[in-house]
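Open the model in a viewer and keep a selection box at hand. The stops below go from the whole chain to single residues.

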Amino acid sequence: MATNDPGLPGGEQITAPGPNTPVPGTPAVDGQTTQPGLTVTKPEAAAPGDSAVSNQPTVPQTALTTVQQGNIWGKRVPVIAVRNLTKTYILGKKTRVPALRGISLEVYPGEFVAVMGPSGSGKSTFMNLIGCLDRPTSGEYWLAGKLVSRLSSDELADIRNRLLGFVFQGYNLLGRASALKNVALPMVYAGLSARERDNRARKVLTLVGLGGRMSHKPAELSGGQQQRVAIARALVNGPSLLLADEPTGNLDSRTGVEIMAVLQALNDQGLTIVVVTHDPKVANYARRQVAFLDGRIVRDELVLAPRSAQEEWDALAKAPTAGGKTQIEEELP
Ligand code: ADP
């Protein structure tokens, strides 16, 4: 079953799974842990790390020319293209903190990139810039082909709502609102009718395996389920890019695997994802790793064999629990 609902992740590139498409960690009726959205049409092979491995010049202007004048190099427009991005914080009158010292990077549609590095290396600063939450001190940033680094705060807010979905470590859900209301909220700003908001929110909640929990409030959900609600909320406006900041940081390792499986399944469906993490294990689920140190990129490479969170989840789900049953048996009614 396939639909082309523009409100689903990745917009037109994705043939979204139908309402019955299972997601990781959802026991199927036959008791087998299920595979993530396999009924989808994968986008044309992404170009992870193209900029790192290609000899072709990779200035973003040229990528735009590709769109305007035809397919010069057979390349697609990067979702993110930054050139010589710097950010210097000014503290008091004299202290300047150079948080980013000239970052150049491209991320193409369908990539799953982990931005990694120790504390203080500039990850959050970079995330704030590519998330249009802050402006660089110098350098350029093209988001989906549009130069955004010099836009006003209002224009950035508009771009954020239309093109970006955010997932944070702390979920950031409204405590008094149901999962459905939390997910429907971003669509208020998109000017959709209440009925349309409700329909779309139900679809994305089903997509992340929470079809049976729509009226639950955050306190009535597990940490993993709350993070799924947050992911659904991030997807509901059909973003070009999902930005996740330490998405498993508040979760135990088992639930962390579950959330990474959801993200990998969405990436398999074509959604472009950038995860910021200090945890190398989390970064090993990505297809490309970009390592920051002291405000610079010190490594940018493909992950040849990313960990499969779905396989790890399957193994965990089948392992006996303290009660002598498997996880699946315990979760079945
Ligand atoms: P990370 O996310 O990798 O821990 P950050 O981007 O938060 O790194 O920080 C990079 C550098 O910028 C650090 O030296 C940090 O102290 C500094 N920094 C971050 N935010 C601010 C701020 N708002 N004002 C001043 N300095 C900051």
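**Whole chain**

Start with everything shown: of the 333 residues in the chain, 45% are buried. This is a predicted model, and its secondary structure amounts to 12 helices and 12 strands. Among contacts between residues at least 6 apart in sequence, 67% join residues at least 24 apart.

Now colour by pLDDT. The chain averages 79, with 74% of its residues at 70 or more. Select residues 1-73, where the pLDDT is below 50; beyond near neighbours in sequence, this stretch has 141 contacts in the model. Where pLDDT is low, predicted coordinates should not be read in detail. Hide that stretch if it clutters the view.

**The open sheet**

Select strands 3, 4, 6 and 7. They form an open sheet with the order 4-3-6-7 and antiparallel pairing. Strand 4 (95-107) and strand 7 (146-147) are the edges: each has a single partner strand, so one side of each lacks a neighbour in the sheet.

Narrow the selection to strand 3 (residues 80-91) and strand 4, which are joined by 10 bridges in the antiparallel sense. To check the register, pick Lys-87 and look across to its bridge partner in strand 4, Leu-100.

**The ligand**

Next, select the ligand. Which residues surround it? Display Tyr-89, Leu-91, Val-97 and Ala-99, then Gly-117, Ser-119, Gly-120, Ser-121, Gly-122, Lys-123, Ser-124 and Thr-125. By class, the shell holds 4 nonpolar, 7 polar and 1 charged residue.

Strand 3, strand 4 and helix 3 (123-130) each supply at least two residues of this shell. Helix 3 gives the largest share, 3 residues.

**Strand 5 and its two partners**

Move to strand 5 (residues 112-116). All 5 of its 5 residues are buried, so the rest of the structure largely encloses it. Turn on side chains: Phe-112, Ala-114 and Met-116 point one way, while Val-113 and Val-115 point the other way.

Add strand 10 (residues 273-277), which runs parallel to strand 5 and is joined to it by 5 bridges. Phe-112 has Ile-273 of strand 10 as its bridge partner. Then add strand 11 (residues 288-293), again parallel to strand 5, with 4 bridges between them. Here the pair to pick is Met-116 with Ala-291 of strand 11 opposite.

**Strands 8 and 9**

Select strand 8 (residues 164-168), where 4 of the 5 residues are buried. Strand 9 (residues 241-245) pairs with strand 8 in the parallel sense over 5 bridges. Within the pair, Gly-165 faces Leu-242 of strand 9. Keep both strands displayed for the next stops.

**Helix 7**

Select helix 7 (residues 194-207). Its 14 residues reach 20 Å from first C-alpha to last, close to the 20 Å expected at 1.5 Å a residue. The buried residues of helix 7 are Arg-197, Arg-200, Ala-201, Lys-203, Val-204, Leu-205 and Leu-207. Just after the helix, stop at Gly-209, which has a positive phi of about 85°.

**Helix 8**

Now take helix 8 (residues 223-235). Its end C-alpha atoms are 18 Å apart, which agrees with the span of 18 Å that 13 residues should have at 1.5 Å a residue. Is this helix enclosed by the rest of the structure or exposed? Of its 13 residues, 12 are buried, so helix 8 is largely enclosed. The buried set includes Gln-225, Gln-226, Gln-227, Arg-228 and Arg-233.

To see what covers these buried residues, display strand 8, strand 9 and helix 7, together with helix 5 (179-184), helix 6 (186-189) and helix 9 (253-268), which are among the covering elements.

**Leu-251**

Finish at Leu-251, in the loop between strand 9 and helix 9. It counts as buried because 21 C-beta neighbours lie inside 10 Å, and the cut-off is 20 or more.

Leaving aside neighbours within four places in sequence, Leu-251 is in contact with Gly-223, Gly-224, Gln-227, Gly-256 and Ile-259. Of these, Gly-224 and Gln-227 are among the buried residues of helix 8. As a last distance check, pick the C-alpha atoms of Leu-251 and Ser-222: they are 29 residues apart along the chain and separated by 9.7 Å.

Key
Residues numbered from 1 in each chain as written. Predicted model: local features only at pLDDT ≥ 70, side-chain atom pairs only at ≥ 80, totals over all residues. Pairing = 2+ DSSP bridges. Near = placed C-beta within 6 Å. Nonpolar A, V, L, I, M, F, W, Y, C, P; charged D, E, K, R; others polar. pLDDT = per-residue confidence, 0-100. Contact = placed C-beta atoms within 7 Å. Expected span 1.5 Å × (residues − 1).
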